[in-house]
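Work through the following exercises with the sequence and the model beside you. Try each task before reading its solution.

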Amino acid sequence: MKTSSILFVGVAVFAGVLGAQQVDHLFSRNQAAQGADLLPMRSTSTPIVKTGFETTAPGTPFDFTFAAKKVSPSVVSVDRYEKVQRDFFDRTGTIAETGQGSGVIVSANGTIVTNNHVVTDERSGEVVDQVKVRLNDDRTFTAKVLGHDARSDLAVLKIDAPNLTPIDLGNSPDVQVGQWVLAVGNPLGFSNTVSAGVVSSLKRNLPIGGQGMVDAIQTDAAINPGNSGGALCNAQGQLIGINSAIASSTGQSVGIGFAIPVDRVKTVVNDIVKLGYARYAGLGISFDPRLEGALADPQAREQLLQLAGGDKAPSSGVIVQTASGSAQSAGIGQYDVILAVDGQKVEGTFDLNKILIPRKPGDKVQVRFWSKGQTKTTSVVLQEIRPERPV
């Protein structure tokens, strides 16, 4: 019996596990000024009107023509490319395209959102400085990568172009299981492709690609390689998510796709435009990724006791490598083990990331931790962390 893989809808294949499901990105190969937020956190557009089993825009027949016409001008193709320094014949300066994904125009001044993995070279792991963007009307521009956030798998691009059509933004709390949705992007190199489906589930947490996808929207709309960074919209043509991954045993759509919710997109885009990075709240600890899951091994627990002291070590949790700031002030130190935050069990770094992503710097959380053989609880005021300080 075949197991299904979760594919990020762009270039890279990330080795993650969701039960029996392996996760990959679906990126099709070969095919900051201060001020008000760029994207409003709450949409002020026409509200959804519900009639019976249908969801329609006021005065609009119930089909997807309205939404498709409204959304398509806002969805672009994103071609990642790099300069090849030397070829076999010692020539230089050759441009080689390395993959294709999608993006969404979110402001009239040329701001575009896509996936982080779309702008990341899977061979080097580095984010490229610029990409090629092709609009719905076939105009092509070189876009600068303003910033990226691996934690949410989002990146922000900027082009200098007139007559752009930014997408209408929806609101995450309005999204409901069973409502109609459209996925718009460039699957398998077929530009401006629209597929329809429903919201299959909400708040899916997928331990894939770095620190995982949190609160993802699940849909059965067809999503395939090249859809990465494209739009997931409601029947009113409002953006409700950025398509990022699918579960599949074949590498193609089998009706289980995942999108990053629009409210997370708004937050990350606003942070990157204003600050150059995505702002997160954290405990002020670091950890060694090589120790992920190590406490399940009796030998590792014995070694932890030799380092930290005590007579019984926990069988799961996040081992603190270093502590500073808020965590250190709250009495958390090296070789302590984070067991729970605000009553939610922490078995590994994905659990910790899932709990902390919705929090803001200055929020207070209760942390239960193991320290030198004793279980303790302390209050920690979350501090702002930079990308290189994950929790």
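**Exercise 1. Decide whether Lys 69 is buried or exposed, and find its place in the fold.**

Step 1: Lys 69 has a relative accessible area of 65%, and the cut-offs, set with a 1.4 Å probe on protein chains only, are under 20% for buried, over 50% for exposed and in between for partly exposed, so Lys 69 is exposed. The model is a predicted one, in which local features need pLDDT of at least 70 and side-chain atom pairs count only at pLDDT 80 or more, while totals for chains, interfaces and linings use all residues. Residues are numbered from 1 along each chain as its sequence is written, and side-chain values use heavy atoms, with hydrogens and water left out.

Step 2: Lys 69 belongs to helix H1, residues 65-71; helices (H or I, at least four residues) and strands (E, at least two) are DSSP runs, numbered from the N terminus.

Step 3: Although Lys 69 and Gly 237 are 168 residues apart in sequence, their C-alpha atoms are 8.4 Å apart in space.

**Exercise 2. Describe the backbone and the surroundings of Asn 163 and Lys 372.**

Step 1: Asn 163 is not a glycine, yet its phi is positive, near 55°, and Lys 372, also not a glycine, has a positive phi of about 55°.

Step 2: Asn 163 sits in the loop between strand S11 (154-158) and strand S12 (168-169), whereas Lys 372 sits in the loop between strand S25 (364-371) and strand S26 (374-381).

Step 3: With a relative accessible area of 71%, Asn 163 is exposed, and Lys 372 is exposed with 52%.

**Exercise 3. Find what the salt bridge between Asp 37 and Lys 274 ties together, then examine two further pairs.**

Step 1: Side chains of opposite charge can pair when their charged atoms come close. A salt bridge is a side-chain nitrogen of Lys or Arg within 4 Å of a carboxyl oxygen of Asp or Glu, and the structure holds 10 of them.

Step 2: Asp 37 and Lys 274 form one of these, at 2.7 Å from N to O. Asp 37 lies in the loop between strand S3 (21-25) and strand S4 (49-51) and Lys 274 in helix H2, so the pair ties together parts that are 237 residues apart in sequence. Asp 37 is partly exposed, at 38%.

Step 3: Asp 342 forms a salt bridge with Arg 359, with 2.8 Å between the closest N and O atoms. Because Asp 342 lies in the loop between strand S23 (337-341) and strand S24 (344-345), and Arg 359 in the loop between helix H5 (349-356) and S25, this pair ties together parts that are 17 residues apart in sequence. At 33%, Asp 342 is partly exposed.

Step 4: Lys 354 and Asp 351 meet in a salt bridge at 3.8 Å, N to O, and, being 3 residues apart in helix H5, they are separated by about one helical turn. Lys 354 is partly exposed at 27%, while Asp 351, at 15%, is buried.

**Exercise 4. Trace the strand partners of S23.**

Step 1: Two strands pair if DSSP finds at least two bridges between them. S23 is joined by 2 bridges to strand S21 (residues 318-319), the two running antiparallel, and Ile 319 stands opposite Val 337.

Step 2: S23 also pairs with S25 in the antiparallel sense over 4 bridges, and with S24, again antiparallel, over 2 bridges. Ala 340 has Arg 368 as its bridge partner in S25 and Lys 345 in S24.

Step 3: S23 and S24 form a hairpin with 2 residues between them, and Asp 342 in the turn has a positive phi of about 50°.

Step 4: Of the 5 residues of S23, 5 are buried, so the strand is largely enclosed by the rest of the structure.

**Exercise 5. State which helix gives the most to the lining of the largest pocket, and with how many residues.**

Step 1: The answer is H2, with 6 residues; strand S14 (193-206), strand S15 (213-219), strand S18 (257-261) and helix H2 (262-275) each supply at least two.

Step 2: The lining has 33 residues, of which Asp 263, Arg 264, Thr 267, Ile 357 and Pro 358 lie nearest the centre of the pocket.

Key. On a 1 Å grid over the protein atoms alone, a cavity is a set of points where a 1.4 Å probe fits but cannot get out, and a pocket is an open set with protein on both sides within 12 Å along at least five of seven lines; lining residues have an atom within 4 Å of a point.
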